[in-house]
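Here are some notes for a first look at this model. Please keep the structure open as you read.

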Amino acid sequence: MRIIDYFTETTTFLKTAAKDKTEVFKMLATALGNSKIVTNEEQLIKALEKRETEGPTGVGDGLAIPHCSSSSVTKPAIAIMTLKKAVDWQSLDQKPVDVIFMITTPEKGGEQHLQALAHLASFLGKSEVVAKIRAAKSFVDIIAAFAEPASEPKAQTRADGHYDVVGITACPTGIAHTFMAKEKMEEAAKAMGLTIKVETQGRGGNENVLTVADIVNAKAVILGIDKKITGMDRMNGVSYLETSTKDVIYHGQEVINDALAGKRLTVGKASKSGNDEVGELSLKNFKDVTKNLLGGVSRMLPFVVAGGIILGIGFLLDSGNRGGDFGVTRDIAAWFSGLGKVIFGMMVPILGAYVCYSIVGPQGLLPGMTAGLIANAPGMLYDTSTKTGWANTWGRLFPDSISNFNSGFFGALIGGYLVAFVVYGCQKGFARFHPSVRGVRDIVLIPVLTALAAGVLMFGLNIPLGYLNYGLGLGLKAIADYNLSALIGIIIGLMMAADMGGPINKAAYVFGTLTIDATQSAYAGIRSTNGGTVFMAAAMLTGMVPPLALALCTRMFKKYWTKRDVEQGNTNWFLAACFITEGAIPFAASDPKRTIPSIMVGSAVSGAIVSGFGVTLAAPHGGIFVFPLLQIQDNGKNWFTISNQGASIGVAILISVVALIIGSFISALILGFWRMNALKAKKMTLAV
C-alpha cells in the first residue's frame, strides 16, 4: 500500500491556527470522526495522549508524528496538519512543531501502524519533501510532495565497487528514528560528494545489510544507534564512530567529518562467535550473575520439558504396575521412558555448558558441559555397583561414605562459573599466537586445558556440594515424613507468582524439576512410585494460578479493566491450561502494586492445598495435558493416603482442580476489589 493511500482530503489541514498540541489532537480527531474513520473521538485522543507520555513524537526539524492504535479506529489513516505558527511539542531538538502527520490504526492493525510509520519516516527524512509540505497550499500539493520514484535508486559505489561511508541505524522501537537517521546520513553524505550505504535494524528486521567487505573497505563506519545491535562481530578490528540516531539526524555532516578525521572512534572487539549474546570477551561478563544463570536455565528448559513429558508418557503407559521398575515393565512404556530419561538427564550438563557459554562464548561449551556431567556423577566415575576396572574411577579415591555423592544443580552452576575464569585466562593468555597455529590453539590447546581444569575443579567441588545436595534431600524427606509439605507448597507458590517467569519463578521451577530427575540420587527418598514429587506438582499448579486468576478477574470485574485487558484475559484461559505463567506479565507490568501481591496470595493457597494432600507429579510441564500423571504421594506422610493407583490418580486430579479454582478465585477477588476501590477513590485511572 502506498503512503498516499492513507491520506484523505477531509483529514488534511494546511496553514491552521492551532494554539497547542491538545487543540491539534481535537481538530484531527474530529475530522477523523466526521470521516467515519474514528467511532469515539475522546477515546482516540486519550490513546494519543498516552503515547505522548511514553516518549516524544516530535522528531525534530519542526516535524511531529503522533501515532497510536485504538479500538475506535475503523481503518488505518494518516491525518495531516501544517500550522501558521509553530507550537511546543517537547521535541528531541527542543524546537517547536509546524508539520504534523498523525497515524491512527485499529488495535488489530499493528503491523500496518508500524509499516506506515516507517514508510512515512523515510519520506520525512528528505529535506526536499518537507520543504514541499511546508509550501503546500492544497491537498494536491501534499500528494505531489509524496510522489514516489518509479524505482528505488541503487546506492552508488566508488570505482572499486565499495563505499566511502557505511553505517547502521537502530532505535528502541525500530521505526521512526531508525529510518530518519538513515535518510539524514545518506543526505549528508551525498551533499559531501561521498558514496554511502546504510543498514537499518528496525522492527521489520535488518535491511540493506552491510557485508564485511563493505565495512572494511569504507573510509568511515558510523553506528547511529540507541540500542544494542546484531552483527557486531563484523566490526572486529574495525575503527568505527558510535553515536545516537539523534546526533546523526541533526548533525549528519559533522558526524561523517569526525569519522573521516578519526575522531571519537572505537576499535571493534566483539566476539567472533557469530552470536551477539556474549559480545566482547571481558571480565565485566562475570558480574551479571543473574543474566548468566538465566542464560543456562533458558537453554536447559527444552530438555526439561521435552524429556520430562516423554518420560511421563512412559509412566502413563505403565499405569497399573507398581514397584521399583514402574515405567519400564511394559515394552512400549520402556521405549518412551528410556528416551525421556536420556533427554531429561541432560538438563544439568546443559545448564553447566550454557552458564559458561553466556560468560565466555563458544569455548565455554566443552568445559561447562564437562562440569555439568561430572556434577551428575556418571556411573563410570562414581558407580560402586559394578566391579570392572572402568567403574568408579574417581570414587575409589574417596571414602565409601561419600563415593556416590553428586553435586547436581549446584555443581553445574558453580562449576560452570568457575571454569569460565579458566577459559577467560586461556583466551587472554594465548591471544598472541601466530595466525598459522591459531587452529591448534582453538581446537586442541584450549579445549584440553579447560576440560582438565573442569575435572580438577569438579573433583573437589563434588565433595562439599555433594554433602549440600545430600543434606537438602534429607531435609525434604523429613518435611514429607512430618507432614509439613504444605509449608514448602506455600513457599513455592509465592515464588512462582512473584515474578512470573523471572529469576525467582525459575528458581522454584528448577527446584521442582530437580526433585523428579532420576539422576539426582539425593532426592530418591521423596519420590513416589511414579517418580513424581509434591514439589514438582506444587511448582506447576501454582504456576497456572496467575494467568487463570487474571482471566477470572477480567471477567468478574470487567468494568474495572480496559477492553484490551479483557481481550488479554481471554487469552489467559489457554495460557493457564498450558502452564504458561508469563500470561500474567502484561497485567503485572501495568499495575504491579495490586496484581503481584494478589496472585502471590492465591498461588500460595493452591500450593498449600496440593502439597498438604500429597499430590505428586512426574512431568515437569504440560499443564492440564499431564494431569493423568498426578498421583497421591505413596511415601512420607500426607493428610490421607490411597492405596489403589487408579483412585489415587483420580483424587489427585480432583484436588488439583479444586486447588486451582480456590487459589485463582482468591487472587481474582483480591485484585478485583482492590482495583475497584482504587478507581472509585481516583487513585488510578483506566488507560485506553
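1. Which residues are buried in α11? They are Ala333, Ser337, Gly340 and Phe344. Seen down the helix axis, the buried residues of α11 fall within an arc of 70°, so they line one face. Turn to the other side of α11 and you find Asp331, Trp335 and Val342, which are exposed. Bear in mind throughout that this is a predicted model.

2. The length of α11 can be checked too. The helix covers residues 331–344, which makes 14 residues. At 1.5 Å a residue, α11 should span 20 Å. Its end C-alpha atoms are 20 Å apart, so the expected span and the model agree.

3. Next, strand β10, residues 220–225. Of its 6 residues, 6 are buried, so the strand is largely enclosed by the rest of the structure. In a regular strand, side chains alternate between the two faces of the sheet. In β10 both faces are covered. Ala220, Ile222 and Gly224 are buried on one side. Val221, Leu223 and Ile225 are buried on the other.

4. Which strands pair with β10? One is β7, residues 165–170, which runs parallel to β10 and is joined to it by 6 bridges. There, Gly167 stands opposite Ile222 of β10. Another is β11, residues 239–243, also in the parallel sense, over 3 bridges. In that pairing, Gly224 has Thr243 of β11 as its bridge partner.

5. Now the nonpolar cores. The largest has 77 residues. Those with the most contacts inside this core are Met300, Leu351, Val360, Ile492, Val615 and Leu617. Apart from it lies another core, of 43 residues. Among the residues of that other core are Val99, Ile196, Val248 and Ala259.

6. Val615 deserves a look of its own. Leaving aside residues up to four places away in sequence, Val615 touches Thr533, Val534, Ala537, Val610, Leu630, Gln631, Ile632, Ala652, Ile655 and Ser656.

7. Is Thr595 buried or exposed? Its relative accessibility is 0%, so Thr595 counts as buried. This residue sits in helix α22, residues 592–612. A polar atom of the Thr595 side chain lies 2.9 Å from the backbone oxygen of Asp591. A polar atom of that side chain also lies 3.5 Å from the backbone oxygen of Phe587. Not counting residues up to four places away in sequence, Thr595 touches Leu550, Phe587, Ala588 and Leu671. Phe587 thus appears both in a listed contact and as the owner of a backbone oxygen facing the Thr595 side chain at 3.5 Å.

Definitions and conventions:
Residues are numbered from 1 along each chain as its sequence is written. This is a predicted model: local features need pLDDT of at least 70, side-chain atom pairs count only at pLDDT 80 or more; totals for chains, interfaces and linings use all residues. Side-chain values use heavy atoms; hydrogens and water are left out. A nonpolar core is a set of buried Ala, Val, Leu, Ile, Met, Phe, Trp, Tyr and Cys residues joined through side-chain atoms within 4.5 Å. Buried means under 20% relative accessible area, exposed over 50%, partly exposed in between (1.4 Å probe, protein chains only). Contact means heavy atoms within 4.5 Å. Helices (H or I, at least four residues) and strands (E, at least two) are DSSP runs, numbered from the N terminus. Two strands pair if DSSP finds at least two bridges between them. A polar contact is a pair of N or O atoms within 3.5 Å; within protein, one must be able to donate a hydrogen and the other to accept it, and residues adjacent in sequence count only if both atoms are side-chain atoms. The expected span of a helix is 1.5 Å times one less than its number of residues. The arc is that of the directions from the helix axis to the C-beta atoms.
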